[in-house]
Structures are given as structure tokens and as C-alpha cells.
Amino acid sequence: MTATAAAPKVGKPTGSKKDGKVMRFLRSPSFARILFPFAFLAVWWAVYYTIDSRIFPPPQQVLGFMWDEITLNSLLRYGSVRNNVYGMFAISLMRLGIGFVIAMLLGTIIGLAMGLSKAVDAFFHDWIMAILAMPALVWALFLGLALGFGHVGPIIAVALTGLPFVVINVREGVRNTPKDLFDMARSFQVPRKRVIQHVLLPSLAPFMFAAMRYGFAIGWKGLVITEVFASDEGAGWTIKFWYDAHRAHGVIGYALFFILFALLLERTIFERLERRTFKWRPKLSGIDVVESALDTDSQDEKDFLILERSRAKFEALDGDGSEKPRG
Amino acid sequence: MTTTVDQVPAGRTPTAEEQRLQKQRRRDRVSRIFWRIAGYVFVLGFWEYASGTILDERLLPGPSDIVRTFGEILTGGRLFSSFGATLTRLGVGFTLAFVIGAAIGLLTQIRWWEGFFKDSILISLTAPGLVWALTGIVIWGFEAQGWIFAIVLTTFGIVSVNVAAGVKALPKDLLDMAKAFKVKPFVRQREIVVPHLAPYLFTAIRFGFSLGWKVTVLTELFTATKGIGFEMRIATQLFRMDEFFTWVLSFFVFALFLEKVVLQYFERRFFRWRPEVTA
């Protein structure tokens with residue numbers, strides 16, 4: 001690594017190393033990362049002044065709207081006092097949580113059975129793949145008609161969209177449990193309960209975690225769509241409310257709320273949880289786990305796992321990328 | 001992982017162990033097929049039973065009804081015009097998303113740009129497609145920019161991620177050599193980077209496609225007067241659930257066809273010079 005890093009850089013002035021601290025900061029990727037939101041705002045401004053549209057709002061209007069929503073100064077209370085931005089996101093979060101727990105329970109059971117028995121695997125495989133390929137829109141429209149407005153439809157939608165991710169990951173986890181450890185446990189006559197506790201569960205944990213993470217993200221997307229068609233409250237419904245009212249600043253403001261919410265969920269909760277859960281196992285991050293699972297037979301699953309791997313790799317760029325110069 | 005005897009070399013009688021293994025494998029295959037069929041029979045049978053008993057027949061038509069309606073729509077000619085409309089949308093939106101996403105992915109070779117675009121890629125991956133669909137519509141109305149905006153923003157992230165993953169695995173020695181011999185940056189990209197990235201680009205197309213497909217239908221739900229999403233909306237509004245499920249079914253059939261037949265055909269052709277990546 002160091003040898004390649006020291007390779008002479010052709011075409012660059014040798015004096016670039018003497019740059020001051022400011023220049024070095026300006027060239028650092030973290031500065032670029034900070035710069036991005038400002039560049040985004042600048043582009044927004046530019047678009048605002050170039051396109052001829054009466055409804056396209058400037059950034060300050062949207063940010064003002066968001067501020068009003070956060071500080072509960074919104075002109076609209078959506079009917080009642082608790083129906084503000086916090087209330088709506090809380091309702092959605094609750095639905096997401098319940099649906100997700102159902103998906104986890106069902107998915108773990110099915111995934112365990114599929115991992116342990118080839119017959120069960122063949123029985124469920126195609127249908128799990130079908131659910132995986134189903135657009136959330138289909139659930140939304142059908143559940144809206146079947147169950148009407150309320151909590152049940154969105155919860156089922158979350159469970160259904162999250163389920164295949166949990167099943168696939170748990171099944172991969174079972175298939176990847178170290179066989180020799182089981183053999184050893186058997187030859188030393190370790191009771192089954194302890195085998196489950198000390199061998200099966202720890203080796204399943206990273207996969208369960210991956211399942212949680214992606215199931216949650218996908219469930220959230222499914223939930224939002226379902227709330228548009230099959231609910232009269234919740235975050236998804238609120239953005240539809242502003243859309244129906246034809247207030248562009250409301251729609252864009254809520255779009256930004258959604259983005260912030262998703263980033264917050266990923267950044268604070270999942271990253272911290274992951275670090276905490278795998279403290280005892282520093283080398284085995286999600287990347288290696290998914291990588292080791294790549295020798296499955298079906299192309300669909302391979303694709304799915306590559307997706308996870310590439311995403312995990314992408315997220316790891318921050319951490320280990322610094323000592324590898326590229327370009 | 002498992003030790004299997006692949007093929008017994010010709011001209012040698014298989015040993016008892018090999019015979020046993022072969023028999024075992026055959027039995028496995030037969031039981032797999034059996035259980036697979038059992039799964040189909042169970043799910044379809046339960047569905048047929050549920051329609052009319054658990055849920056109203058008009059709400060959940062059974063598989064036989066859906067197949068019948070599928071035939072009607074197929075012979076009516078509405079199927080192909082709808083698919084044509086949807087495919088045009090997807091083609092336009094996804095091509096643009098792919099170009100933008102691949103360009104950003106290539107830019108991640110430079111660490112500064114990687115930092116710059118990192119958050120945008122994360123946002124594209126995490127934000128629900130609905131958000132972009134509604135934003136696009138509220139800004140541009142029924143004009144094409146609206147749905148193009150939505151498709152591009154939901155799919156470019158996954159393309160970038162895959163290309164960036166390929167960039168991480170670039171053959172460093174080749175690039176260093178090219179630099180040492182003063183190969184021009186553009187030639188370097190064309191001759192080293194892009195061929196190396198080809199399999200990643202294909203993965204990107206596949207994911208982007210399945211994602212873009214869904215968001216395309218979603219945008220059609222709001223703004224189209226033609227296409228699968230539009231037909232789905234009309235079917236639910238008229239409470240024609242048999243038609244609704246028929247469109248869902250045809251959506252599946254078509255997506256499967258595109259992914260398994262068309263894309264794989266191109267993939268095989270594209271990588272003929274490099275058989276190890278298609279394996």
C-alpha cells in the first residue's frame with residue numbers, strides 16, 4: 001500500500017504539499033461533503049430564477065415552512081391539536097414498528113425453516129421472491145380497498161414489504177452457521193439450549209441485523225405509499241395533503257422531512273446499534289458477512305446480496321478509505 | 001462448501017460411494033421439484049378458496065378469474081399499448097438515471113467528489129420514491145419533466161453505489177502503469193476503468209431497472225393517461241379487482257421476461273470475451 005502511495009505523481013506540481021491548512025481543508029472530502037447542501041441550495045436558487053413557474057418555491061419559503069411546522073406555528077393543524085408534524089411521524093413510526101415486529105417474527109420463523117429444510121425452502125422460495133418483487137403500490141391499492149382507512153392496512157403493508165428481506169437474510173444466516181462448531185458441540189454433548197444460545201444465535205446475529213436494517217428501510221417506503229392510499233393520518237398522508245392542497249412548498253418541505261427522518265434513522269440508531277452489537281466481534285462487520293454469503297445458488301439472491309454488499313462497502317468508504325489514494 | 005462428485009470420468013465404473021452420492025443428488029432434486037409444486041398448489045389453492053369465503057369474491061378474485069381476465073385483456077390489445085407507454089417512460093427515465101448515476105460513480109475515483117456526492121447517493125437510496133413523484137408533479141404538473149425527475153432521483157443512487165463499488169476494486173497497478181506512461185485521463189477511463197467496471201455496470205442496470213420499474217408505475221398512477229400504473233388506478237377506482245390483479249400479474253410476467261430473457265441475453269453477449277463474470 002505504502003509503496004503505491006509513494007509512486008510519483010505525474011503531471012502535478014511538486015509544490016502542492018506545501019499548501020497551507022486552508023487549502024488542505026478545501027481539498028478534503030469532508031469539506032466537499034459539507035459543501036454539498038450549499039451547492040444544492042445554489043442550484044435550487046438558479047432553477048428558481050430560470051424556470052418560469054408560479055408554483056415552484058424558492059428555498060427560503062420551503063425552509064420557512066419547515067421551521068413553522070417544527071415550531072408548531074403551522075397555519076394548519078390538520079383537524080386536531082396532536083396532528084402536527086410530530087404527531088404524524090409518531091403515528092407512522094408506530095405503524096412501522098408494529099408491522100416490522102410482525103415481519104421479524106414471521107420472517108424469522110419462515111427463514112429458519114427454509115434454512116434448515118430443503119423441502120420448506122423449495123415450498124416457499126418462489127413466493128417469497130414474488131413478494132420481494134411486488135411494488136408496494138399494489139399492497140397500498142389493494143389494502144386501501146379491502147380494509148379501508150385505519151391502522152391495519154398500513155401495518156400489513158409494512159409487514160409484507162419487510163418480510164422477504166427478513167426471510168432471505170435469516171435463511172442465509174442459518175446456512176452460514178459454522179458446521180464444525182455444531183459437530184463439536186454434538187460430540188461434547190452440549191445441551192441443545194446452550195448450542196442455540198452460544199452457536200446459532202451469535203452466528204445469526206449479523207444476518208438478523210442486516211435483515212432489520214433493510215427490512216426497516218423498505219418497510220418505511222411501503223408504509224409511506226400505503227398511507228397515501230389507505231389512511232387518513234400519518235406522514236405519508238400529510239405529504240398527500242399538501243399535494244392535494246397544491247402547495248408546492250408543503251410537498252417539498254415534507255419531502256425534506258422524509259429525507260431528514262430517514263438519514264436520522266440510519267445514522268443515529270442503526271449505525272450505533274451495529275457498533276454496539278458487534279463490539280465483541282470487531283473484524284466481522286456486515287460487509288464480510290454478506291461477502292461470505294455470496295456462494296448461494298440462485299441468481300436473485302446473489303443479486304440481492306451483491307446489493308447489500310455494495311451498499312455496505314459504500315457506507316464503509318468513510319472509515320477505511322483514507323489511506324488509499326485514488327484518482 | 002459441500003463435497004460433491006461432479007462427474008465420473010468416462011471409462012471408469014463409479015465407485016459405490018459415488019453411486020450413492022449420485023442417487024442422493026437425484027433424490028434431492030426430485031424432492032425439491034415436488035415441494036416446489038406443492039408450494040404452488042398450496043398458495044394458489046388457498047387463494048382460490050379464500051376468494052368468496054374469507055374475502056368477498058369481488059374484492060379478491062381467484063387465480064382462475066384472473067387468468068381469464070388476462071386472456072381478455074391480451075386479446076383486446078390494451079395490454080401492449082399500456083406496456084409500450086410504461087416502457088417508454090422507463091426507458092427515458094432510466095437511461096438518464098443511468099448516465100447520471102454512472103458519471104457520479106466514476107467521479108468517486110476522486111476522493112473530493114466522492115465526499116461531495118456521498119450524501120446525495122444516501123438520500124437517493126433512502127428517500128421513498130413517492131416523495132419524488134409528488135414533488136415532481138407539484139412542480140411540473142403533467143409534463144414529462146415531473147416523472148423523469150422522479151425516476152432519475154430514485155434510481156441514480158443504486159447505479160452510483162454499484163459503480164462506486166467497482167471503482168473501489170479497480171486494478172491499481174494498471175492505473176499506476178498508465179499514469180507512469182502518461183496515458184491521457186480520458187483514454188485511461190476508456191481502456192482500463194470502463195472495461196473493469198462492466199460487470200458492475202450490469203449489476204447496476206439490473207437493480208436500477210427493478211427499482212425504476214416500480215417508481216415508473218407509481219408516477220403513472222398520478223400523472224399518466226396510459227400505461228400500467230394508470231390502468232391499475234382506473235381498475236381500483238372502478239372496483240374492478242380482477243382487472244387490477246390482471247395488471248399486477250402482467251407486470252410480473254413482463255418484468256420477469258425483461259430480467260431473465262432480455263437482460264441475461266445481453267449480459268451473455270457482452271461478456272463473451274470474459275466468461276468468468278457471467279458464471
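**From one alanine to the A–B interface**

Let me start with A:Ala46, which sits in helix α3 of chain A, the helix that covers residues 29-50. Please keep in mind throughout that what we are looking at is a predicted model.

Is A:Ala46 buried or exposed? It has 10 C-beta neighbours inside 10 Å, and because a residue with 12 or fewer is called exposed, A:Ala46 counts as exposed. If you then follow the chain for twelve residues you arrive at A:Pro58, whose C-alpha atom is separated from that of A:Ala46 by 9.6 Å.

Now let us turn to the two chains together, where 57 residues of chain A are in contact with 57 residues of chain B. On the chain A side, several helices each supply at least two residues, among them α3, α6 (118-133) and α10 (192-230), while α12(A) gives the most, with nine residues. When the residues of this side are sorted by class, they divide into 39 nonpolar, seven polar and eleven charged.

One helix pair is worth a slower look, namely α11(A) and α5(B), the latter being residues 129-140 of chain B, whose axes come within 11 Å and cross at roughly 5 degrees. Since angles under 35 degrees count as roughly parallel, these two helices, α11(A) and α5(B), are therefore described as roughly parallel to each other.

Which residues meet there? From α11(A) they are A:Gly236, A:Ile239 and A:Tyr243, and from α5(B) they are B:Leu130, B:Val131, B:Leu134 and B:Val138. By class, this contact of α11(A) with α5(B) has six nonpolar residues, one polar residue and no charged ones.

Key: Residues are numbered from 1 along each chain as its sequence is written. Chains are lettered from A and ligands numbered from 1 in the order in which they are written. This is a predicted model: local features need pLDDT of at least 70, side-chain atom pairs count only at pLDDT 80 or more; totals for chains, interfaces and linings use all residues. Helices (H or I, at least four residues) and strands (E, at least two) are DSSP runs, numbered from the N terminus. A residue is buried if 20 or more other C-beta atoms lie within 10 Å of its own, exposed if 12 or fewer, and partly exposed in between; C-beta atoms are placed from the backbone. Two residues are in contact if their C-beta atoms, placed from the backbone, lie within 7 Å. Ala, Val, Leu, Ile, Met, Phe, Trp, Tyr, Cys and Pro count as nonpolar, Asp, Glu, Lys and Arg as charged, and the others, Gly among them, as polar. Axes are lines fitted to C-alpha atoms, for helices over the stretch in contact, and angles run from 0 to 180 degrees between N-to-C directions. Angles under 35 degrees count as roughly parallel, over 145 as roughly antiparallel, 65 to 115 as roughly perpendicular and the rest as oblique.
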